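Q: Got a minute to walk me through this one? I'd like the metal site, the packing and the ring pairs.

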Amino acid sequence: MDNPLLEMSGLPPFSRIAPDQVEPAVDHLLAACRTRIRELTDRAAPPTWESFIEPLEEVDDRLNRAWSPVGHLNAVMNSDELRAAYNACLPKLSEYGTEVGHNRALFEGYRAVASQEHLDASQRKLLENGLRDFHLSGVDLPEDKKARYKEISQELSKLTSKFDENLLDATNAWSKQVQSEGALAGLPDSALALAKQAAEERGLEGWVLTLDFPSYLPVMTYANDRELRREVYRAYCTRASDQGPNAGDWDNTRVMDRILQLRHELAGLLDFASYAERSLATKMARTTDEVMGFLNDLAERSVVQARRELDELAQFAREQHGHEGLEPWDLAYYSEKLRQHRHRITQEELRPYFPIPRVLDGMFAVVQRLFGIRIREVQGVETWHPTVRFFEIRDEAGGLRGQFYLDPYARQKKRGGAWMDVCTNRFHTSRCDQIPVAYLVCNFTPPVGERPSLLTHDEVQTLFHEFGHGLHHMLTKVDYPAVAGISGVPWDAVELPSQFMENWCWEREALDLISGHVDTGEPIPDELYRRMRAAKNFQSGMQMVRQLEFAIFDFRLHREYDPERGGRIYEILDQVREQVAVMKPPAFNRFAHGFSHIFSGGYAAGYYSYKWAEVLSADAFSLFEERGLFDPDGGRAFRENILERGGSAEAMDLYVGFRGREPTIDALLRHSGIAA
Ligand SMILES: [Zn+2]
């Protein structure tokens, strides 16, 4: 078959990949994967690492290398044809994934190899992860339980889509037409334009407000009309529930109860005491006690400051605006007023100091000093768009460690946001020597004329964040794709390198490397730098307890589920709010009915991961606060223990290897300006 997706050497030939080749290539590869797996599992000879695991890794790698550019192009150069081809392949790939997870013969093969001697630590870890995932998919259950497992999985997948559908329908069902611009006083032009457009789309006069976030947030933050804010707040936080303007329509109450019940039963089938325990089977945190202890500790030490911040806000609203008695629909509004009053700093003010060429050179200089690596641009490599650039990373001895594409600018047919994605994984055996390649994708404003693109400070942080993921992927020294780079790294640890890198964007010594005025080259003035630092921790206590409220609620909900007593969703939420919330929401608030992260997304009993990763990255950075921003020993320790070892060992062991001890919450509290 003449198909560039089946050519397996080197970088993807982007210009020759056409939508009509996608499905035939995937069909061909999936058939080849199935044949190869059958050959390997049918063999009479006992499986070994070389005869069984390595060929399986090759099977996976071949499929991933073909699929990676397809998924990538679908995200950055979308077209109707490509999207159709991509979507046609998704169910086939997911069916194959399920089939592999339930393949008993494969599982037995892994088990046989795992019992052999002469395996190194990363080989053992790969096998351990593999056996764990087989177990979690129910492959080793007795037949009756396996059948039940399958029923539960299917019902859960229907229920979680139902949850999303209800939420979406309820969100779309509410809108409010406003006839006079005066009623929207306070809203910025961008929000007014959006509301105008929403009215036009509906063939209505005036402006239309909706419950979509880009409409909701500006109303809560800027609308002067308090009654309007209250009305929109009430509609928003009663979506898909028994309360509010559409009470009882698209009500998620029973869906949520059933989801919790089934998750609990599923965990029980796999011999876990709760779904929270099941969630931790694949995470860095070891026990449910450890997670609760960590969250409670953070809560206890932040809540005092959060209360103080709320008092300050109430005082400000009273003294400056004559407003008595803050309600939930006043919070964002007066917070924004206070923020402007106190800090007067805008993203636009910093933009001239961050021209892209300067930021990139500076960022490469930072990682060169920290990790002893050299980055240089390579010309003439085929990409998918003329603005895309290609770089390589070499170590001090000159050895090629990784390569990456950088696609910096927003354009049509490109998905929003920023991300790092894997093009190829490191794979090193007697038969192959493949280096890791990454895609770094951002959506910065493109340059105009001769003037370079200027970044906001938020965008600079985004770049450092994604580059941190990229370094984790590219500096790996692990030989097998399943545990190399970010593969096999637990969810609650994978943000460590990315958030760690963000810290450099706040330090004077690093800022001087990555910034310089676009016209004069001058560094950021001290006065501006001071204001930028001061604004960083505005209301950090209140933000902290809000995230903790979600995290503790999610974890307790899944940990304390008792079939006799049902979900107790609002009973638990009330207790959590009693513990951490600084402002009690009104009785009609049905926040949980729209909490899709945990009911339909992947965050069930995992919302704590956000804070967990922040603790890790803050604690990691504190080493450089102690020893100096570019401490070479610290940089080497981070590179050797974290960046180079990926998922090849327990995340906590790697962390201790780097830091010399387990993480503590102190640095995060200090960085957030919370005195503890
Ligand atoms: Zn990230």
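What follows is a chat about the metal site, the cores, the rings and one helix.

Q: Before we start, what kind of model is this, and what got filtered?
A: This is a predicted model, where local features need pLDDT of at least 70 and side-chain atom pairs count only at pLDDT 80 or more, while totals for chains, interfaces and linings use all residues. Numbering runs from 1 along each chain as its sequence is written, and side-chain values use heavy atoms, with hydrogens and water left out.

Q: OK, which protein donors does the zinc ion have?
A: His465 (NE2), His469 (NE2), and Glu495 (OE) listed twice, lying 2.1 to 2.7 Å from the zinc ion. Donors here are N, O and S atoms within 2.8 Å of the metal (3.2 Å for Na, K and Ca), and water is not among the atoms, so sites may look incomplete.

Q: And what's the geometry of the zinc site?
A: Irregular, with angles of 52 to 142° among the 4 donor atoms. Four donors count as tetrahedral if all angles lie between 85 and 135 degrees; four count as square planar and six as octahedral if opposite donors are over 155 degrees apart and all others between 65 and 115; anything else is irregular.

Q: What spacing do the donors follow along the chain?
A: H-x3-H-x25-E. Histidine 465 sits in helix H16 (residues 457-474) and glutamate 495 in the loop between H16 and helix H17 (496-502), 30 residues apart. Helices (H or I, at least four residues) and strands (E, at least two) are DSSP runs, numbered from the N terminus.

Q: Is histidine 465 buried or exposed?
A: Buried, at a relative accessible area of 15%, whereas glutamate 495 is partly exposed at 24%. Buried means under 20% relative accessible area, exposed over 50%, partly exposed in between (1.4 Å probe, protein chains only).

Q: Switching to packing: how many residues are in the largest nonpolar core?
A: 144, and those touching the most other members include Phe371, Leu471 and Trp504. Helix H12 (residues 288-321) gives the most to this core, with 12 residues. A nonpolar core is a set of buried Ala, Val, Leu, Ile, Met, Phe, Trp, Tyr and Cys residues joined through side-chain atoms within 4.5 Å.

Q: What does phenylalanine 371 touch?
A: Leaving out residues up to four places away in sequence, its contacts (heavy atoms within 4.5 Å) include Leu471, Phe500, Met501 and Phe638.

Q: How many aromatic pairs does a search of the whole structure find?
A: 45. Rings of Phe, Tyr and Trp (its six-membered ring) pair if their centres lie within 6.5 Å; planes under 30 degrees apart count as stacked, over 60 as edge-to-face and the rest as tilted.

Q: How does the pair of tryptophan 504 and phenylalanine 621 look?
A: The centres are 4.9 Å apart and the planes are at 80°, so this pair is edge-to-face. Tryptophan 504 is in the loop between H17 and helix H18 (508-514) and phenylalanine 621 in helix H23 (residues 609-627), 117 residues apart. Both residues are buried. They also belong to a cluster linked by ring pairs, with Phe371, Phe500 and Phe638 among the members.

Q: Last topic: which residues of H24 are buried?
A: Among them are Gly634, Gly635, Phe638 and Arg639. What covers the buried residues of H24 includes helix H15 (356-371), H16, H17, H23 and helix H25 (651-659).
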